[in-house]
Amino acid sequence: MPQTVLMIVGIVVLLIIFFWMVPLRLWFIAILNGVHVSLVQLILMRWRRVPPDMIVNSMITATKAGINLNRDQLEAHFLAGGHVKPVVSALISADKA
């Protein structure tokens with residue numbers, strides 16, 4: 001009996017860690033909006049301490065505005081200390097002007 005409870009708790013903990021590391025919802029949203037990003041890239045973003053939701057949402061915003069942005073460039077900009085969302089907004093504004 002105690003082994004079964006311990007096994008169930010272990011499985012629940014592993015599932016929580018898995019769903020934290022693999023943002024399936026964010027990946028699905030990106031696919032629906034025409035942004036090509038793989039699950040492996042999203043996992044690697046977390047390991048590099050880059051917030052994948054900010055990068056993907058910025059890519060979606062740029063794609064809907066007709067601007068093609070590179071995921072690697074946005075990640076590098078974030079890691080260099082840049083502010084991704086205002087830069088994407090400025091790119092969209094400059095493109096529309």
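What follows is a chat about why certain labels apply in this predicted model.

Reader: Before the labels, what makes a residue eligible here, and how is the numbering done?

Author: Residues count from 1 along each chain as its sequence is written, and side-chain values use heavy atoms, with hydrogens and water left out. As the model is predicted, local features need pLDDT of at least 70 and side-chain atom pairs count only at pLDDT 80 or more, while totals for chains, interfaces and linings use all residues.

Reader: What makes Phe18 and Phe19 an aromatic pair, and why is the pair called edge-to-face?

Author: Rings of Phe, Tyr and Trp (its six-membered ring) pair if their centres lie within 6.5 Å; planes under 30 degrees apart count as stacked, over 60 as edge-to-face and the rest as tilted. The ring centres of Phe18 and Phe19 are 5.2 Å apart, and the planes stand at 75°, so edge-to-face it is. The structure holds one aromatic pair.

Reader: How do you know whether Phe18 and Phe19 are buried or exposed?

Author: Neither word fits: buried means under 20% relative accessible area, exposed over 50%, and partly exposed in between (1.4 Å probe, protein chains only). Phe18 comes out at 42% and Phe19 at 48%, so each is partly exposed. Ile17, in helix α1 (residues 2-21), gets that label too, with 46%.

Reader: What makes you say that the charged end of Arg46 sits over the ring of Trp20?

Author: The rule wants NZ of Lys or CZ of Arg within 6 Å of the ring centre and within 35 degrees of the ring normal. For Arg46, the charged end is 5.1 Å from the centre of the Trp20 ring, and it does count as sitting over that ring.

Reader: On to the helices. Why are α4 and α5 called oblique?

Author: Helices (H or I, at least four residues) and strands (E, at least two) are DSSP runs, numbered from the N terminus. Axes are lines fitted to C-alpha atoms, for helices over the stretch in contact, and angles run from 0 to 180 degrees between N-to-C directions. Under 35 degrees is roughly parallel, over 145 roughly antiparallel, 65 to 115 roughly perpendicular, and the rest oblique. Helix α4 (residues 52-64) and helix α5 (residues 71-79) pack at about 130°, with axes 10 Å apart, and are therefore oblique to each other.

Reader: Which residues make that contact?

Author: Contact means heavy atoms within 4.5 Å. From α4 there are Met54, Ile55, Ser58 and Met59, and from α5 there are Arg71, Leu74, Glu75 and Phe78.

Reader: What about α3 and α4, and why does their packing get the label it has?

Author: Helix α3 (39-47) packs against α4 at an angle of about 130°, with the axes 9 Å apart, so that pair is oblique. On the α3 side Leu42, Met45 and Arg46 meet Pro52, Ile55 and Val56 of α4.

Reader: And what makes α2 and α4 parallel or antiparallel?

Author: The axes of helix α2 (residues 24-32) and α4 cross at roughly 10° and come within 10 Å. That makes the two roughly parallel. Leu26, Ile29 and Ala30 in α2 meet a set in α4 including Pro52, Val56 and Ile60.

Reader: How do you know whether Glu75 is buried or exposed?

Author: Glu75, which lies in helix α5, has a relative accessible area of 4%, so it is buried. Setting aside neighbours within four places in sequence, Glu75 is in contact with Met45, Arg48, Val50 and Ile55.

Reader: What makes Arg49 worth a look?

Author: Arg49 has a positive phi of about 65° although it is not a glycine. Arg49 lies in the loop between α3 and α4, and its 74% relative accessibility makes it exposed.

Reader: Why do Asn68 and Lys64 count as exposed?

Author: Asn68, in the loop between α4 and α5, has 76%, so exposed is the word. Lys64, found in helix α4, is exposed with 61%. As for separations, Asn68 and Ile17 are 51 residues apart in sequence and 33 Å apart in space, C-alpha to C-alpha. The C-alpha atoms of Lys64 and Pro86 are separated by 16 Å, with the two residues 22 apart along the chain.
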